[in-house]
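Visitor: I am new to this structure. Please take one part and look at it closely with me.

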Amino acid sequence: MKKVVIFILAALFMTIGAACSIQTEPDEAETQPPAQTATDEPDAKETSEENKDDEPETSMPVQDEPSESQESETTETTEANTILLEVGEYTFTATLADNSTGEALVEKLAEGPVTINMRDYGSMEKVGGFGFNLPTNDEQISTEPGDLILYQGSAFVIYYAPNSWNFTRIGKINDVTTEELKEALGSGDVTVTILLP
């Protein structure tokens, strides 16, 4: 039995020794430095200084200024996603949801402003009919102050208090508080005009 164990250990040591002594040639890609262009070649002084310090050099990427056409596209995109709501002396800006409802509303508003007579409902919202249908994208939503909702395809709702239901989100009034909305909308009926900027 001892001879078998010694034989196995000897075979194991010879296998390990043979594996450690095998040398492989590196791939050609590993031995060649990356190609340099004329603008990438450092001058001799920089090369010697880099070799002295052996510290990696970091550089910040240069950011181009946006061109006028890029700024124009950004402005157009922002305006395409934005509507205005006029309530008496107040004007609110709202950002539209990225869905077919928002797109269809923009198309309708391109024909002209839409005025809606709205009434209070449930001490949490103002609701009124568009007078036309928009595509629905219903989902379970918990509303917040300033949410603009499409209900049953033709009712426009402005929330000033929370509610949860299956609605289509149209958008949200930007930077508005419950108090500001309540002050603008009042406690009774109100007329709201929706238009493009």
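Visitor: Which residues does Met124 touch, not counting residues up to four places away in sequence?

Guide: A word first: this is a predicted model. Met124 touches Ile158, Tyr159, Tyr160, Ala161, Pro162 and Asn163, once residues up to four places away in sequence are left out.

Now place Met124 itself. Met124 sits in the loop between strand E3 (114-121) and strand E4 (125-129). Is Met124 buried or exposed? Its relative accessible area is 16%, which is under the 20% cut-off, so Met124 counts as buried. Another part of the chain can be placed against Met124 as well. Lys182 is 58 residues away along the chain, and the C-alpha atoms of Met124 and Lys182 are separated by 9.5 Å.

Look next at Ser123. Ser123 is found in that loop between E3 and E4 too. Ser123 is exposed, because its relative accessibility of 58% is over 50%. Its backbone also deserves a look. Most residues other than glycine have a negative phi. Ser123 is not a glycine, yet its phi is positive, at about 55°.

Gln152 gives another case of this kind. Gln152 is not a glycine, and its phi is positive, at about 55°. Gln152 is found in the loop between E6 and E7. Its relative accessibility is 64%, so Gln152 counts as exposed.

Back to Met124, and on to the pocket. Rolling a probe the size of a water molecule over the atoms shows where empty space is left. Here the largest pocket has a volume of about 190 Å³. Which residues line the largest pocket? Met124 is one of them. The others in the lining are Arg119, Tyr121, Glu125, Val127, Tyr151, Val157, Tyr159, Asn163, Trp165 and Phe167. Four elements give two or more residues to this lining: E3, E4, strand E7 (155-159) and strand E8 (164-173). By class, eight of the lining residues are nonpolar, one is polar and two are charged. Two names come back here. Tyr159 and Asn163 belong to the lining, and Met124 touches both Tyr159 and Asn163.

Follow E8 away from the pocket. Strand E8 pairs with E2 through three bridges, and these strands run antiparallel. One place to find the pairing is Leu96, whose bridge partner in E8 is Gly171. E2 has a further pairing. Six bridges join strand E2 (residues 90-96) to strand E1 (residues 82-87), and the two run antiparallel. Leu85 stands opposite Phe92 in E2. E1 and E2 form a hairpin, with two residues between them. Gly88 lies in the turn and has a positive phi of about 60°.

E8 also takes part in salt bridges. Side chains of opposite charge can pair when their charged atoms come close. The model has five salt bridges. One of these pairs is Asp147 with Arg169, at 3.3 Å from N to O. This pair links distant parts of the chain: Asp147 is in strand E6, Arg169 is in strand E8, and they are 22 residues apart. Asp147 has a relative accessible area of 2%, so Asp147 is buried. Arg169 is partly exposed, with 25%.

Another pair is Glu144 with Lys172, whose closest N and O atoms are 3.5 Å apart. This pair also links distant parts of the chain, 28 residues apart. Glu144 lies in the loop between strand E5 (139-142) and strand E6 (147-151), and Lys172 lies in strand E8. Glu144 counts as partly exposed at 45% relative accessibility. Lys172 is partly exposed as well, with a relative accessible area of 29%. How do these pairs come together? Glu144, Asp147, Arg169 and Lys172 are linked in a network of salt bridges.

A further salt bridge joins the side chains of Glu111 and Lys108, at 3.7 Å from N to O. Glu111 is exposed, because its relative accessibility is 64%. Lys108, at 30%, counts as partly exposed.

So keep Met124 as the starting point: a buried residue, in the loop between E3 and E4, and part of the lining of the largest pocket.

How values were computed: Residues are numbered from 1 along each chain as its sequence is written. This is a predicted model: local features need pLDDT of at least 70, side-chain atom pairs count only at pLDDT 80 or more; totals for chains, interfaces and linings use all residues. Side-chain values use heavy atoms; hydrogens and water are left out. Buried means under 20% relative accessible area, exposed over 50%, partly exposed in between (1.4 Å probe, protein chains only). Contact means heavy atoms within 4.5 Å. On a 1 Å grid over the protein atoms alone, a cavity is a set of points where a 1.4 Å probe fits but cannot get out, and a pocket is an open set with protein on both sides within 12 Å along at least five of seven lines; lining residues have an atom within 4 Å of a point. Grid points are joined across faces, edges and corners, and a volume is the space filled by probe spheres set on the points. Ala, Val, Leu, Ile, Met, Phe, Trp, Tyr, Cys and Pro count as nonpolar, Asp, Glu, Lys and Arg as charged, and the others, Gly among them, as polar. Two strands pair if DSSP finds at least two bridges between them. A salt bridge is a side-chain nitrogen of Lys or Arg within 4 Å of a carboxyl oxygen of Asp or Glu.
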